[in-house]
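Take a slow turn around the model below. Look for strands that lie side by side, and for the empty space between atoms.

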Amino acid sequence: MFDVMIRNGRIADGTGTPWYRGDIGISDGKIQRIGNLSGFHGKEEYDAGDRYIAPGFIDIHTHSDKTIVGNSLAESRILQGVTTEIGGNCGMSVAPVEPAYFDQLKTYAAADTPYQWKTMGEFLQYVESVGISTNLGTLVGHGTLRIAVMGFSPDRPTEHQMEKMKVLAAQAVEEGAFGISSGLIYPPGTYADKQEITELVSVLGECGGYYATHMRNEGVHLIEAVTEALETAEKAGVPLQISHHKCLYKPQWKKAVFQTTAMIEAARREGLDVTCDQYPYNASSTAISANIPKWVFEGGFTAFKDRIHDETMRTKIRDEMNESHIGRWQDIRIAYARSAANKWMQGKSVPEVAETLGKDPADLIMDLVEEEDNFVNEIDFGMCEEDIEYIMQKPYVMTGSDGEAYSLDIEAQPHPRSFGTFPRVIAHYSRDRKLFGLEEAVRKMTAMPAARAGLTDRGAIKQGMWADLVEFDLRSIESVPSYSDPKQPCSGIRRVFVNGVLTAENGKHLGKRSGKVLRSGFSGI
């Protein structure tokens, strides 16, 4: 007698091997037996009806550490089949917190969360006390570490400051972080040179984990940014994860990614452990402040406000922004504004809102960032489909949403990637476009990210693994969320189990919070 029995499934076990028919017996939250279990029974029994059963999808690249406390059901994740996610990417984590720089951290991370912690260990304990629907692990962000030690200073860290960052990083890893991330396009990450990043992530060579980077440039200087990332990881002697690999510079569409992937493949042949993640959309999403020159934030948010209220300085900033955005403003939409007064802007393009208010687009951005304390996000259409498909077919590229845990009724117009990334890869790119088979699609979102994060007990349907499972109909699975209407469940996802507990069925969350906080298990230096 098992706790749960799932019968008559087509098992795509996550390893990339061909699917097979079988039953799955679950007890104590783990897979106990797989195969023809007709002679066994379960306290709860479910008939998969010859639909596919895969390991729960593992999202290697999220920012759910910022939102999970207020969105513990994580409908945006569960209803697309995601059962495990790794937050703290792009240099932004919600811990550690240095009280002296707390206001700067809040502005940097733009996280609506209570911050009832200082250390990574305290944060993970707090999440456990809340109770969550997905399994959640996190990285520690370089930007967060830098703020904890030196705020928004653009200076190079002193020897003492560098040592303090390394100690904080090692402590975060010892308390459960899976590695270190960087966001080298966001202040204060953008102020760090290659030497600083290399020295910091070298800590991982002693205490374990991987280095995930939102590279210094994904547009004009994409080639140079990949070179920097590869050289940093090689010199530091650590595994490298290139975050959301793409090309955002139109003149280099259908050119640059041929070179960057060749560089990655050459590095792999030479022994560097480098992989990538990717979301399957032609638009990115980030804080709208990313459109403002990085130097404007030197010294922090207060310094930013002083500069934009100096008439001479504001003119300089406006001119620089407009020059760098020739032909681009119309591709940017406002996705989220925290205040009720600006909610009407959500879903509208920057020129549309600017025209309504009678403002220059650059002035609109500066004013919004100030009014919203940086709690304002954008969607930016900047990629081509050919590049997306070329990158996606590489065997070292896994699926990662760059999304967050949301409820279906969140007051925002977020990127649909938070709600529909994984079914989109299966339905559009595997089933319809036939870029690769179903088994490879499942591997890219289960066993492969599990291996990158070092999760030895998730990501595959094998005896002894935690029973994170998703049952879906390959004929009807679709990524329903869209740019105009993102807050929807995906179709074709029949059931989602988290640690053996049925958590969603036929597009409805059942209110269960059976997720676990995941800790790396690495030891500090």
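What follows is a walk through strands, cysteines, pockets and cavities.

Keep one thing in mind: this is a predicted model.

Start with strand E1, residues 2-11. Is E1 mostly buried or exposed? Of its 10 residues, 8 are buried, so the rest of the structure largely encloses this strand. Now look at the partners of E1. Strand E2, residues 20-27, runs antiparallel to E1, and 6 bridges join the two. One place to see this is Met 5, whose bridge partner in E2 is Gly 25. Strand E4, residues 42-47, runs parallel to E1, with 5 bridges between them. Here Ile 6 stands opposite Tyr 46 of E4. E1 also pairs with strand E5, residues 52-55. That pairing is parallel and has 2 bridges. Find Arg 10 and you will see Tyr 52 of E5 opposite.

Next comes a sheet. It is open, has 6 strands, and its pairing is parallel. Trace the order: E9, E10, E11, E12, E13, E17. Which strands form the edges? They are E9 (140-141) and E17 (397-399), and each of them pairs on one side only. Take the E9 edge. E9 pairs with strand E10, residues 179-183, in the parallel sense over 2 bridges. Val 140 has Ile 180 of E10 as its bridge partner.

Now turn to the cysteines. A disulfide is a covalent bond between the sulfur atoms of two cysteines. How many disulfides does the structure hold? The count is 0. Consider Cys 90 and Cys 276. For the sulfur of Cys 90, the closest cysteine sulfur is in Cys 276, at 14 Å. A disulfide needs the two sulfur atoms within 2.5 Å, so 14 Å is too far for a bond. Looking from the other end gives a matching result: the closest cysteine sulfur to that of Cys 276 is the one in Cys 90. Both residues are hidden from the surface by the cut-off used here, under 20% relative accessible area. Cys 90 is buried, at 2%. Cys 276 is buried too, at 0%.

The last topic is empty space. Rolling a probe the size of a water molecule over the atoms shows where such space is left. Begin with the pockets.

The largest pocket holds about 1100 Å³ of space. Its lining has 42 residues, and the closest to the pocket centre are Asn 217, Gly 219, Leu 248, His 325 and Arg 328. Three elements give two or more residues to this lining: strand E14 (283-287), helix H11 (311-324) and strand E16 (376-381). What is the lining made of, by class? It has 16 nonpolar, 14 polar and 12 charged residues.

The second largest pocket holds about 620 Å³. Of its 32 lining residues, Lys 66, Ala 110, Asn 377, Glu 404 and Tyr 406 are the closest to its centre. Two or more lining residues come from each of helix H2 (102-109), E14, strand E15 (332-337) and helix H15 (417-432). Which element gives the largest share? E14 does, with 3 residues. By class, this lining has 15 nonpolar, 12 polar and 5 charged residues.

Now for the cavities. How many cavities of 30 Å³ or more does the structure hold? There are 6. The largest cavity has a volume of about 170 Å³. Its lining has 16 residues, and nearest its centre lie Phe 152, Pro 187, Ser 289, Phe 297 and Asn 374. Helix H2 gives the most to this lining, with 3 residues. The lining divides into 10 nonpolar, 5 polar and 1 charged residue.

Finish with the second largest cavity, at about 50 Å³. Its lining includes Pro 55, Gly 56, Ile 58, Thr 83 and Thr 84. Among the others are Arg 458, Gly 459, Ala 460, Trp 466 and Asp 468. By class, this lining has 4 nonpolar, 4 polar and 2 charged residues.

Terms used: Residues are numbered from 1 along each chain as its sequence is written. This is a predicted model: local features need pLDDT of at least 70, side-chain atom pairs count only at pLDDT 80 or more; totals for chains, interfaces and linings use all residues. Side-chain values use heavy atoms; hydrogens and water are left out. On a 1 Å grid over the protein atoms alone, a cavity is a set of points where a 1.4 Å probe fits but cannot get out, and a pocket is an open set with protein on both sides within 12 Å along at least five of seven lines; lining residues have an atom within 4 Å of a point. Grid points are joined across faces, edges and corners, and a volume is the space filled by probe spheres set on the points. Helices (H or I, at least four residues) and strands (E, at least two) are DSSP runs, numbered from the N terminus. Ala, Val, Leu, Ile, Met, Phe, Trp, Tyr, Cys and Pro count as nonpolar, Asp, Glu, Lys and Arg as charged, and the others, Gly among them, as polar. Buried means under 20% relative accessible area, exposed over 50%, partly exposed in between (1.4 Å probe, protein chains only). Two strands pair if DSSP finds at least two bridges between them.
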